[in-house]
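Subject: the helical model, handed over

Hi,

Here's the structure I said I'd pass along. Have a look at it first, and then read on for what turned up when I went through it.

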Amino acid sequence: MPTKEEHIMMVAEKLFAANGYNGTSVRDIAAKAKVNVSMISYYFGSKENLLEELFKWRMDEGLNFAKNILENDELSEIQKLESFVDNFVSRVQRLRDFFLLVHTQQVISHNKSIQNFLKDYKINYIEINQKIIEQGLEKGIFTKKPSYHLLQCTISGTIFNAMHGMKMYKEYLKKQKSDFDEKHYENQYFQEASDHVKTIIRALVGYQG
């Protein structure tokens, strides 16, 4: 069960994604979360602080997973990279509201704390992937050294584009496939996106397994 703070952040996350940060008031969040405005002030102090805590909470979740995978000696280097992809795709599918916020905040935010969160988060991921790939190169598991920062761009950019284009591609696939499975489309779509990115990664690092 989420804590009271997490519950408020989850409600705010949905409202920010639906109405925009500026289009959402503290009163809107309190009403939807069924709490007093004073409780939001008590936990977060302000709407801006609430947004910052939301970003820190969500990004720490993903980064902690990545660090645990990095330190897992039972996984091979390719399994670690592919675990990152699977986890990222799963999070984008499950936390679509948050990742819509990430996209908009990267473009329009003037909040320096959030910009720093995003920068540090990306750099941490790049460095983790770099360590894994260098280990794989030393062991001969990988045969190519990719551009680490562009590898991160490839992963996140492809998945973000897939997220934003899901409805459009659904209409395309309906026309192309007579056996189109609308009921299971979303899960199949994100699984296909995950497999696609993993195929690209294997080519970029020269993995032949």
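A quick definition before the helix pairs: an axis here is a line fitted to C-alpha atoms, for helices over the stretch in contact, and the angles run from 0 to 180 degrees between N-to-C directions. Please also keep in mind that this is a predicted model.

With that in hand, take α5 and α7 to begin with. Helix α7 covers residues 112-139, and α5 packs against α7 at an angle of about 155°, with the axes 9 Å apart. Angles over 145 degrees count as roughly antiparallel, and α5 and α7 are therefore roughly antiparallel to each other. The crossing of α5 with α7 is left-handed. On the α5 side the contact uses Glu77, Lys80, Leu81 and Phe84, and on the α7 side Ile128, Asn129, Ile132, Ile133, Gln135, Gly136 and Lys139. Sorted by class, that contact has five nonpolar, three polar and three charged residues.

Some context on the whole chain, since you'll want it for setting things up. The protein chain has nine helices and zero strands, so reading from the N terminus you get α-α-α-α-α-α-α-α-α. Its C-alpha atoms fill a box of roughly 60 × 45 × 35 Å along the principal axes. Of the 209 residues, 40% are buried. If you look at contacts between residues at least 6 apart in sequence, 68% of them join residues at least 24 apart.

Back to α5, which has other partners.

α5 with α4: helix α4 spans residues 47-70 and helix α5 residues 77-94, and the two pack at an angle of about 160° with axes 10 Å apart. That makes α4 and α5 roughly antiparallel to each other, and their crossing is right-handed. Arg58, Glu61, Gly62, Phe65, Ala66, Ile69 and Leu70 of α4 touch Lys80, Ser83, Phe84, Asn87 and Arg91 of α5. The class count for this contact is five nonpolar, three polar and four charged residues.

α5 with α8: here the packing angle is about 30°, with the axes 11 Å apart. Why does this pair count as roughly parallel? Angles under 35 degrees fall in that class, so α5 and α8 are roughly parallel to each other. The crossing of α5 and α8 is right-handed. Phe88, Val89 and Val92 come from α5, while α8 brings Ile155, Ser156, Ile159, Phe160 and Met163. By class, the contact of α5 with α8 has seven nonpolar residues, one polar and no charged ones.

One residue of α5 that I'd pick out is Asn87. Asn87 sits in helix α5 and is among the residues that meet α4. Is Asn87 buried or exposed? Its relative accessibility is 18%, and the cut-off for buried is under 20%, so Asn87 counts as buried. The C-alpha atoms of Asn87 and Glu186 are 16 Å apart, with the two positions 99 residues apart along the chain.

Then there are the aromatics. Searching the whole structure gives 15 aromatic pairs. One of them is Phe98 with Phe99, an edge-to-face pair at 5.4 Å centre to centre with 75° between the planes. Phe98 is buried at a relative accessible area of 1%, and Phe99 is buried as well, at 3%. Phe99 also pairs edge-to-face with Phe160, at 5.8 Å centre to centre and 70° between the planes. Which parts of the chain does that pair link? Phe99 belongs to helix α6 (residues 96-108) and Phe160 to helix α8 (residues 148-176), so the pair, 61 residues apart, links distant parts of the chain. Phe160 is buried too, with a relative accessible area of 13%.

These rings belong to a wider group: Phe55, Phe88, Phe98, Phe99 and Phe160 form one aromatic cluster. Two of its members, Phe88 and Phe160, also appear in the contact of α5 with α8.

If you open it in a viewer, you could start from α5 and α7, roughly antiparallel, then turn to α5 and α8, roughly parallel, and follow Phe160 into the aromatic cluster.

Cheers

Key
Residues are numbered from 1 along each chain as its sequence is written. This is a predicted model: local features need pLDDT of at least 70, side-chain atom pairs count only at pLDDT 80 or more; totals for chains, interfaces and linings use all residues. Side-chain values use heavy atoms; hydrogens and water are left out. Helices (H or I, at least four residues) and strands (E, at least two) are DSSP runs, numbered from the N terminus. Angles under 35 degrees count as roughly parallel, over 145 as roughly antiparallel, 65 to 115 as roughly perpendicular and the rest as oblique. A crossing is left-handed if the near helix is turned anticlockwise from the far one by less than a right angle, and right-handed if clockwise. Contact means heavy atoms within 4.5 Å. Ala, Val, Leu, Ile, Met, Phe, Trp, Tyr, Cys and Pro count as nonpolar, Asp, Glu, Lys and Arg as charged, and the others, Gly among them, as polar. Rings of Phe, Tyr and Trp (its six-membered ring) pair if their centres lie within 6.5 Å; planes under 30 degrees apart count as stacked, over 60 as edge-to-face and the rest as tilted. Buried means under 20% relative accessible area, exposed over 50%, partly exposed in between (1.4 Å probe, protein chains only).
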